[in-house]
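Colleague: I am new to this one. Please take me through a single part of it, slowly enough that I can follow along.

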Amino acid sequence: MHGLGDIAGSARASDPSQETVFELTDVSVHYGSFRAVRDVNFGVVKNEITALIGPSGCGKSTLLRSLNRMNDLIPGARVEGTVAYHGENLYEDDIDPVEVRRRIGMVFQKPNPFPKSIFDNVAFGPKLQGTPKSELEAIVEDSLRKAALWDEVKDDLKKSGLALSGGQQQRLCIARTIAVEPEVVLMDEPCSALDPIATAKIEELMEGLAEQFTIIIVTHNMQQAARVSHRTAFFSTEVSEVSDTRTGVLVEFDDTAKIFTTPADERTEHYVTGRFG
Ligand SMILES: Nc1ncnc2c1ncn2[C@@H]1O[C@H](COP(=O)(O)OP(=O)(O)OP(=O)(O)O)[C@@H](O)[C@H]1O
């Protein structure tokens, strides 16, 4: 485990003048009668990387999924509070969840390319949206370039996406996600199935992606949060004395450098210094 200074050394500075993309107000997520995470309040700034960290089970993935209505697909899942996206609550009746997921894309923990060619993986979303065939080649190349995969696959676009290495598959999934030009990319532990070299590549890539996209990443890896993100939300769990169930709570949200050097809450300090979790 690194010391505080080591981790914070590379934390990126945030720009307070930027536009807010998400504003979460008192967001709680339930699975049936179980409250997984409660009363979360924070904002996400455009073209920044926001990291969600905290011990296992504190609701990071649950909260991430509430940002593009992915929880709608889980039976019994229910979101309370307000998830405002450019000022509009994503859970209003007239909001189309399919359009939400186009604007707010997601990359999962395990690379999950379709059993199709590299080209077709990336072209899949644009084709569904009715993009003319003549434009697909340029979109595929541009997306693969942005995902730092083009040079490795440009002569093999007909090869199956499943034939790539794990790290390449994850970059293919990133290319597939950005091919439909979302504004936000949600990443749920995108490197946890990858080796350190593949992880470093994705981290490097994220910095470039943040110039065009707003990124929110769940990570178990604190060094990763410190290296790549501008702001960090630290979650923990509280145990109910009545029901003995655990609910996730947001302990602290701040500039990443602050979270890793001078956190306001003792629980954050214990976590980032490795004394907990
Ligand atoms: N589909 C589901 N149905 C019921 N409970 C769920 C579901 N998904 C998650 N949970 C529960 O919600 C709580 C939060 O889980 P979640 O996966 O969001 O946490 P996390 O912080 O992302 O954990 P990890 O770091 O281990 O991935 C846990 O108690 C988990 O068991």
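Colleague: Let us look closely at the sheet. In what order do the strands stand, and is the sheet open or closed?

Modeller: Keep in mind that this is a predicted model. The sheet is open and has 10 strands. Their order is E5-E4-E1-E2-E10-E9-E3-E8-E7-E6, with mixed pairing. Strands E5 (88–89) and E6 (104–107) stand at the edges. Each has a single partner strand, so one side of each is left without a neighbour in the sheet.

Begin at the E5 edge. Strand E4, residues 77–85, pairs with E5 in the antiparallel sense. Two bridges join them. One bridge partner to find is Asn89 in E5, which pairs with Ala84.

Stay in E4 for Ala77. Is Ala77 buried or partly exposed? Buried would take 20 or more C-beta neighbours within 10 Å. Ala77 has 18 inside 10 Å, so Ala77 counts as partly exposed. Leaving out residues up to four places away in sequence, Ala77 touches Val29, Tyr31 and Asn71. Arg171 is another matter: its C-alpha atom is separated from that of Ala77 by 30 Å. Along the chain, the two are 94 residues apart.

Now move to E2, E10 and E9. Strand E2 (residues 34–45) and strand E10 (residues 246–255) run parallel, joined by two bridges. Here Val37 has Gly248 in E10 as its bridge partner. On E10 and strand E9 (residues 231–239), the pairing is antiparallel, over nine bridges. Look for Thr232, which stands opposite Asp254 in E10. E9 and E10 form a hairpin, with six residues between them. In that turn, Asp244 has a positive phi of about 60°.

Finish at the E6 edge. Helix H7, residues 166–178, lies across E6 and strand E7 (184–188). The helix runs at about 170° to E6. Ala175 is a good residue to pick out. Its contacts are Val122, Ser143, Leu144, Ala147 and Leu149, not counting residues up to four places away in sequence. The largest nonpolar core has 70 residues, and Ala175 is among those that touch the most other members. Val185 and Leu186 are also among them.

H7 has a part in one more place. Together with helix H5 (133–146) and helix H6 (150–153), H7 is included in what covers the buried residues of H4. Helix H4 spans residues 118–128, and its buried residues include Ile118, Val122 and Pro126. Just after H4, Gly130 takes a positive phi of about 85°.

Key: Residues are numbered from 1 along each chain as its sequence is written. This is a predicted model: local features need pLDDT of at least 70, side-chain atom pairs count only at pLDDT 80 or more; totals for chains, interfaces and linings use all residues. Two strands pair if DSSP finds at least two bridges between them. Helices (H or I, at least four residues) and strands (E, at least two) are DSSP runs, numbered from the N terminus. Two residues are in contact if their C-beta atoms, placed from the backbone, lie within 7 Å. Axes are lines fitted to C-alpha atoms, for helices over the stretch in contact, and angles run from 0 to 180 degrees between N-to-C directions. A nonpolar core is a set of buried Ala, Val, Leu, Ile, Met, Phe, Trp, Tyr and Cys residues joined through C-beta atoms within 7 Å. A residue is buried if 20 or more other C-beta atoms lie within 10 Å of its own, exposed if 12 or fewer, and partly exposed in between; C-beta atoms are placed from the backbone.
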